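Reader: I am new to this structure, and I would like to understand how each description of it is justified. Could you take me through the reasoning?

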Amino acid sequence: GLELGNQVSVVTAVNNIFEEEKKQTVTIFVRGTSEEGIPKVMEPSKCETWIWVGWDQTLPSPLFLPLEQLASTDGLGFLASNREDVHD
């Protein structure tokens, strides 16, 4: 799988309400770097695949609710600095 280095930092957190499931969660977004490895699906019943998509590209649909919330707010502002660190 994908292994993150030592430089991992919290970007933001979002409060998620899944009304149909009658569930509330908090998703914490972190940012890190990886020198090696390939993302691997570890929970196929929850995630079909991992893909790299630049934030400036059209994101796939449907999007996981916490990612949708992050993309629709200024949560993407963390990309403005150190753009070279972000994998497109």
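Author: What follows sets some computed values of this predicted model against the cut-offs behind their names.

Reader: What makes Lys23 count as lying over the face of Phe18?

Author: A charge sits over a ring if NZ of Lys is within 6 Å of the ring centre and within 35 degrees of the ring normal. Lys23 is at 5.6 Å from the ring centre of Phe18 and lies over its face, so the description applies.

Reader: Why are Leu2, Val26 and Trp52 said to belong to a nonpolar surface patch?

Author: Nonpolar side chains are joined within 5 Å, provided that their residues have over 30% relative accessible area and no salt bridge. Leu2, Val26 and Trp52 are therefore counted together with Leu4, Val8, Val10, Ile28 and Val30, in a patch of about 760 Å². The largest share of this patch, three residues, comes from β2, and Ile28 has its place in that strand.

Reader: What is noted about the backbone at Lys22 and at Pro62?

Author: Lys22, in the loop between β1 and β2, has a phi near 50°, which is a positive value in a residue other than glycine. Pro62, in the loop between β2 and α1, is joined to Ser61 by a cis peptide bond, with omega about 0°.

Reader: How do you know where the prediction calls for caution?

Author: The protein averages a pLDDT of 78, and 83% of the residues score at least 70, but over residues 80-88 the pLDDT stays under 50. Where pLDDT is low, the predicted coordinates should not be read in detail.

Conventions: Residues numbered from 1 in each chain as written. Predicted model: local features only at pLDDT ≥ 70, side-chain atom pairs only at ≥ 80, totals over all residues. Heavy atoms only, no water. pLDDT = per-residue confidence, 0-100. Contact = heavy atoms within 4.5 Å. Patch = residues over 30% accessible without salt bridge, like charges linked within 9 Å, V, L, I, M, F, W, Y side chains within 5 Å. Areas by Shrake-Rupley, 256 points an atom, 1.4 Å probe, with all protein chains shown as cover. Salt bridge = Lys/Arg side-chain N within 4 Å of Asp/Glu carboxyl O. Helix = DSSP H or I, 4+ residues; strand = E, 2+ residues; numbered from the N terminus.
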